[in-house]
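Open the structure in your viewer and keep the selection panel handy. We will go from the whole chain to single side chains, one stop at a time.

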Amino acid sequence: MSKLPYLVAEINAALEVYLSGHAGQQYNRTAFILCDDCAELASKLFLLTDTSTWSDTKANGHFKTFKDVSREVRAIFSAKRAGDHAVAAALLKRIETRRNRRNEFFHSTSLLDLNFHARDCVEAFCDLLDYGNLLFPTDWATEVGGAGNMETCEALIRLDRKTYGDPSVGPKVNNILAGWPRNSPKPKPKGCEVTHYAEDMHLRLAIRNGGNALRDKLRALL
């Protein structure tokens, strides 16, 4: 049984953590760490998919390092998927750089007050999504399509990155979200209905209830 659906679910959860603090940026550090964890899990699942007997432990019983695992991924691309090797190597180089940064602030209390920017998370998630698609080209799109609202989350993240090069994209995204219904199409006949939401809550509700319609409107801006 493939474990790819579980990996995709973890990435979806990490995306939702980031987007839950999209306005206030209060979850940037947590989302960045989760994104880094998912990149490592993706590498290990790729190696295990390629060789069912692969293990993340060395002969001495110690766990392989992040660089050990990345080296093995590169080796497979070099030997079996040479046409994608350069793309894989470039992604892994950026992922490894993020792992070094994550280790610096994750293991040192002197960096607890480090200011962490949204762009760091956006670039990390876009690379992770590209990496997953590269590692699992046959099944990736299908699994992403079946994972909750992940396609909508991905569209939002990729639009964030596009905004860095084209500032006109941001207002277009905001216009779509500003006019999107906060509640589901068929509200419950009983119970209270909140009429005002904080910005992040509005975004979460729009993602949850927007379905393919919201996804497609956002994708049209990409």
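What pattern does the protein chain follow, read along the sequence? Colour by secondary structure and trace from the N terminus: the pattern is α-α-α-α-α-α-α-α-α. This is a predicted model, and its secondary structure comes to nine helices and zero strands.

**Stop 1: the whole chain**

Stay zoomed out for a moment. The protein chain has 222 residues, and buried residues make up 40% of them. Now think about who touches whom: of the contacts with a separation of 6 or more, 73% are between residues 24 or more positions apart.

**Stop 2: helix α7**

Select residues 150–165, which form helix α7. Does its length agree with what you would expect of a helix, or disagree? At 1.5 Å a residue, the 16 residues should span 22 Å, and the end C-alpha atoms are 24 Å apart, which agrees.

Next, show the side chains of α7. The buried residues here are M150, E151, T152, C153, E154, A155, L156, I157, R158, L159 and D160. Which helices do they pack against? Add these to your selection: α1 (4–20), α5 (118–135), α6 (140–145), α8 (169–178) and α9 (199–219).

**Stop 3: the largest pocket**

Keep α8 and α9 on screen and switch on a surface. Rolling a probe the size of a water molecule over the atoms shows where empty space is left. The largest pocket has a volume of about 350 Å³. To centre your view on this pocket, select H22, V173, N174, L177 and E199, which lie nearest its centre among the 16 lining residues.

Which helix gives the largest share of the lining? Helix α8 does, with five residues. Helices α7, α8 and α9 each supply at least two lining residues, so you can leave all three displayed while you look around. Colour the lining by class and you will find eight nonpolar, five polar and three charged residues.

**Stop 4: an aromatic cluster**

Hide the surface and show the aromatic rings. How many aromatic pairs does the structure hold? There are three, and we will visit two of them.

Select F46 and F77 to see a stacked pair, with 5.4 Å centre to centre and 20° between the planes. F46 lies in helix α2 (residues 28–50) and F77 in helix α3 (residues 66–80), so the pair ties together parts that are 31 residues apart in sequence. With buried meaning under 20% relative accessible area, F46 at 6% counts as buried, and F77 at 1% does as well.

Now add F136. F46 and F136 form an edge-to-face pair, 6.4 Å centre to centre with 75° between the planes. This pair links distant parts of the chain: F46 is in helix α2, F136 is in the loop between α5 and α6, and they are 90 residues apart. Are F46 and F136 buried or exposed? Both are buried. Taken together, F46, F77 and F136 form one aromatic cluster.

**Stop 5: a loop residue**

For the last stop, select Q25 in the loop between α1 and α2. Most residues other than glycine have a negative phi. Q25 is not a glycine, yet has a positive phi of about 60°. Is Q25 buried, partly exposed or exposed? With a relative accessible area of 24%, Q25 is partly exposed.

Conventions: Residues numbered from 1 in each chain as written. Predicted model: local features only at pLDDT ≥ 70, side-chain atom pairs only at ≥ 80, totals over all residues. Heavy atoms only, no water. Helix = DSSP H or I, 4+ residues; strand = E, 2+ residues; numbered from the N terminus. Expected span 1.5 Å × (residues − 1). Buried < 20%, exposed > 50% of the residue type's maximum accessible area, 1.4 Å probe, protein only. Contact = heavy atoms within 4.5 Å. 1 Å grid on protein atoms, 1.4 Å probe; cavity = no way out; pocket = protein on both sides within 12 Å on 5 of 7 lines; lining within 4 Å. Points joined across faces, edges and corners; volume = space filled by probe spheres on them. Nonpolar A, V, L, I, M, F, W, Y, C, P; charged D, E, K, R; others polar. Phe/Tyr/Trp six-rings, centres within 6.5 Å; stacked < 30°, edge-to-face > 60°.
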